[in-house]
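Reader: I'm new to protein models and would like to learn how to read one. Could you walk me through it step by step?

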Amino acid sequence: MIDKIKEELKSLTDPNAIAIASVGMTSRDSAYFAVLPRRKALGFESINFLVSSKPAAEECLKLLDGKVKYILIDVEAKKNVDLESIARSTIKSSIIKSYKPNDATVEAADLFMLNYFNGSLKDKKILIYGAGNIGGKLALRLAERGANLYIFSRNINKVSLLVNALNTILPKYSYNKIKQIKKFDEVNNFFDGIISFISSEKVINEDLIHCLKENALVLDGGINNFTNEFYKNCTYKLLNCFRLDVRLGFLYTLMPLMDYCDMFFRDVQGKAFIEEIKIVSGGVIGDEGDIIVDNINSPKQVIGIANGLGGTKEIGNYNRKDFENLVKIQKYISTR
């Protein structure tokens, strides 16, 4: 473990990049420690690790502390190990940032699907095999894009609850409701694609091939979800088989580290006064009559006048003072 971490640290060779490390966990029964593929984008270099226990986490974090600027800590409770608490008691020098790798995986899968289907999933018949965290989130995302979504899991009751919940929050005018599929006996040449997100290996066998159209997509999101026999027998339908590369979701992981986020909370969001007139910006709910602007430190645009309830007043409801304050702020902005 020590040698592997040192090797990964040596790979951080770009002097202009910000060095980061991610430490995550998996719900699978896995090895004590694993190294994941390196990632690089937008001026960041990342080395990435999986741990499976408290001792492994402590050892890994101690070796990384101070060697990278940021350490991203997986806050999703995949095992009975509080990784965030371990990090906060172990790391002394590096900056701790929480992250959610499952959400990054959803982003990666969504981007993959958009690219594969040339930017539109409307009415594409997609089967998601698995009713867990990622499968449920992705189902909602793809259904919102207009896909005709079906979910399958061996836990029929869980799928039923999940489908009902997702359809409850699906936008009212969505093209298609999400559906449960319980068996595949009479389903032939139906699906444009299958995506798997299950924690078990080699579960999906060749019996499912008849459900897929010729040239259909097979996307292994859970990694090793399909059997060897599936791949050996899928050639007669010319299926397009991929493993999901979660590096597609790396930019989502980087968002909390970007200067833009710090700038937003530092320069855009807040309250201030201009000529004794209160201005608010960045989602701050102003009192009735406050002027809402686009940037608290350097306003360039007036958004409206606050109604005191989180919205803006209708122009017909402006009083004399509202008009006077609005003119003053617009004049101030125009002279900046």
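Author: Let's begin with touching: a contact means heavy atoms within 4.5 Å. Take Leu 121: leaving aside neighbours within four places in sequence, Leu 121 is in contact with Met 113, Leu 114, Leu 142, Arg 145, Gly 146 and Ala 147. Before we go on, this is a predicted model, in which local features need pLDDT of at least 70, side-chain atom pairs count only at pLDDT 80 or more, and totals for chains, interfaces and linings use all residues. Residues are numbered from 1 along each chain as its sequence is written, and side-chain values use heavy atoms, with hydrogens and water left out.

Reader: Where does Leu 121 sit, in terms of secondary structure?

Author: Helices (H or I, at least four residues) and strands (E, at least two) are DSSP runs, numbered from the N terminus. Leu 121 falls in the loop between helix 4 (101-116) and strand 6 (125-129). Overall, the protein has 10 helices and 15 strands.

Reader: Is Leu 121 buried or exposed?

Author: Here's the rule: buried means under 20% relative accessible area, exposed over 50%, and partly exposed in between (1.4 Å probe, protein chains only). Leu 121 has 1% relative accessibility, so it counts as buried. Its C-alpha atom is 5.1 Å from that of Ala 147, although the two are 26 residues apart along the chain.

Reader: What share of the 336 residues is buried?

Author: Buried residues make up 46% of them. As for the surface, accessible areas come from the Shrake-Rupley method with a 1.4 Å probe, and for residues only the protein chains shown count as cover. The protein exposes about 18000 Å², with carbon and sulfur atoms supplying 50% of it.

Reader: How do I describe the overall dimensions of the protein?

Author: One way is to take spans along the principal axes: the C-alpha trace covers about 75 × 50 × 35 Å. Another is the radius of gyration, taken over C-alpha atoms; the globule rule to compare it with is 2.2 Å times the number of residues to the power 0.38. For 336 residues a compact globule would have a radius near 20 Å, but this protein has 25 Å.

Reader: And contacts between residues at least 6 apart in sequence: what percentage join residues at least 24 apart?

Author: That comes to 64%. Phe 44, in strand 3 (residues 44-51), gives you a feel for this. The C-alpha atoms of Phe 44 and Ile 20 are 7.1 Å from each other, with their positions 24 residues apart along the chain. Not counting residues up to four places away in sequence, Phe 44 touches Ala 17, Ile 18, Ile 20, Arg 39, Tyr 70, Leu 254, Leu 257 and Met 258. With a relative accessible area of 4%, Phe 44 is buried.

Reader: What about Met 258: where is it, and which residues does it touch?

Author: Met 258 lies in the loop between helix 8 (250-254) and helix 9 (259-268). With the same sequence neighbours set aside, up to four places away, it touches Leu 42 and Phe 44. Met 258 counts as partly exposed, at 26% relative accessibility.

Reader: How should I read a phi angle?

Author: Most residues other than glycine have a negative phi, and most peptide bonds are trans. Asn 215, in strand 10 (residues 212-220), has a positive phi near 65°. Ile 223 also has a positive value, near 70°, and is found in the loop between strand 10 and helix 7 (228-233). Asn 215 is partly exposed at 39% relative accessibility, and Ile 223 is partly exposed at 22%.

Reader: Which residues does Tyr 116 touch?

Author: Tyr 116 is in helix 4. Beyond four places away in sequence, it touches Asn 215, Ala 216, Leu 217, Asn 240 and Phe 242. Tyr 116 and Leu 217 are 101 residues apart in sequence, with 8.6 Å from C-alpha to C-alpha.

Reader: Last one: how many disulfides are there?

Author: A disulfide is a pair of cysteine sulfur atoms within 2.5 Å. By this rule the count is zero. Cys 211, for instance, is in no disulfide: the nearest cysteine sulfur, that of Cys 234, is 14 Å away. Cys 211 is buried, with a relative accessible area of 1%, and Cys 60 is buried too, at 0%.
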